[in-house]
Amino acid sequence: MAASDPHEQAPRKGAARLRDVAEAAGVDTSIASRILSGDSGLTVRPDTRRRVLEAAARLAYRPNTAARALKTRKTMAIGMIVPELTNVAYATIATGADERASRAGYALLVATGAVRDRLDAIDGRIDGLLVGIATSETVRMGDLGGALPTVLVNRHELLGLPSVTVDDEAGCALGTEHLLSLGHRHIGHVAGPQNSDTGRRRLAGYVRALRGAGIQPAPDWMVEASYDEAGGELAASRLLRSSPRPTALFVANIRAAIGALAAARRLGLAVPDDVSLVGFHDAPVAMYLDPELTTVKMPLREMGSAAVESLLAILEGREVDDVRIQTPPELVVRASTAPPRAPR
């Protein structure tokens with residue numbers, strides 16, 4: 001008895017089947033199946049792909065995931081572990097991952113918390129894993145690469161595991177250069193945790209930009225903070241109480257930047273009149289702060305999608321290299337930055 005096509009629907013009144021989509025698009029059912037699965041190895045004309053996708057949408061076609069799983073002996077699920085989803089960066093990465101996984105017929109199971117704890121919760125329910133935790137915790141689970149196909153997201157480590165990252169160093173250099181272009185020379189940095197790959201790369205971008213302008217940042221210009229509002233407020237308060245006080249701050253995370261904005265307000269400092277402020281990562285909330293926050297926008301959604309692409313390639317038996325997303329960071333200038341006030 002022949003196995004059913006993984007995209008074939010069980011007979012159900014009114015339900016479109018794969019052969020209905022193929023017939024409407026004028027292609028063979030195998031071609032329609034591979035297009036709808038997001039098969040990256042398939043080469044077809046753009047018009048053919050468009051006809052299949054339009055036919056599937058018009059017929060409200062949905063693949064039979066259960067049948068596909070039985071045929072391929074796969075769970076048709078991808079796991080993703082992130083520290084939390086209240087951080088807009090992780091939520092955006094997960095959105096991009098979910099979109100790409102869905103196009104390939106996979107479900108994305110997102111778990112938050114420590115890798116070791118959460119991996120136990122999803123073990124046996126996934127075909128591959130995305131690890132979106134930036135700290136060095138992954139060093140202690142490097143053997144995952146041999147047992148479960150794994151891709152690191154938003155971090156790179158020498159573990160033998162492929163990674164997908166954005167250019168955090170270039171993004172922080174861009175934000176710092178914006179402050180330099182306004183005339184700031186004493187720029188403080190609310191740095192991310194230095195046990196994280198992202199924190200180290202962002203600090204490197206800040207230092208690179210200052211040195212490129214002929215400025216050697218003093219050690220007390222940089223204060224490490226957690227990637228949240230409380231950490232940002234604490235670190236910014238320390239910097240803004242120093243003497244001489246920096247005329248601008250570059251903050252390595254948008255949540256920490258919100259905390260830095262609160263610190264300035266509580267110290268009686270006006271932003272940007274007394275101190276300019278730039279936050280790393282962009283989010284809709286930046287437009288509703290007072291003042292609106294200048295940010296550096298990173299291609300996080302694209303990174304999530306590319307991470308799934310790498311994982312799918314591994315699941316197909318192909319070797320993959322580390323990926324650095326080539327889309328450059330984007331400076332989003334709003335009301336929190338201005339030239340430094342002239343000395344009185």
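Me: Two strands count as paired if DSSP finds at least two bridges between them; with that in mind, what is the bridge partner of L152 in strand 5?
Reply: The partner of L152 in strand 5 is S163, where strands (E, at least two residues) and helices (H or I, at least four) are DSSP runs numbered from the N terminus. Before going further, this is a predicted model, in which local features need pLDDT of at least 70 and side-chain atom pairs count only at pLDDT 80 or more, while totals for chains, interfaces and linings use all residues. Residues are numbered from 1 along each chain as its sequence is written, and side-chain values use heavy atoms, with hydrogens and water left out.

Me: How many bridges join strand 4 to strand 5?
Reply: Two bridges join strand 4 (residues 150-153) to strand 5 (residues 163-165), and these strands run parallel; V153 stands opposite V164 in strand 5. Towards strand 3, three bridges join it to strand 4, again in parallel, and V131 stands opposite L152.

Me: Is strand 4 covered on one face or both faces?
Reply: Both faces are covered, with T150 and L152 on one side and V151 and V153 on the other, all of them buried (under 20% relative accessible area, against over 50% for exposed and partly exposed in between, with a 1.4 Å probe and protein chains only).

Me: What order do the strands of the sheet take?
Reply: The open sheet has six strands in the order 2-1-3-4-5-11, with parallel pairing. Strand 2 (107-112) and strand 11 (323-324) are at the edges with a single partner strand each, so one side of each has no neighbour in the sheet.

Me: Switching to helices, how does helix 5 sit against helix 12?
Reply: The axes of helix 5 (residues 88-103) and helix 12 come within 7 Å and cross at roughly 45 degrees, the axes being lines fitted to C-alpha atoms, for helices over the stretch in contact, with angles from 0 to 180 degrees between N-to-C directions. The two helices are therefore oblique to each other, since angles under 35 degrees count as roughly parallel, over 145 as roughly antiparallel, 65 to 115 as roughly perpendicular and the rest as oblique.

Me: And where is E233, and what does E233 touch outside its neighbours within four places in sequence?
Reply: E233 is in helix 10 (residues 229-240) and is partly exposed, at a relative accessible area of 22%. Leaving aside those neighbours, E233 is in contact with A256, G259, A260, A263 and R266, contact meaning heavy atoms within 4.5 Å.

Note on methods
Pairing = 2+ DSSP bridges.
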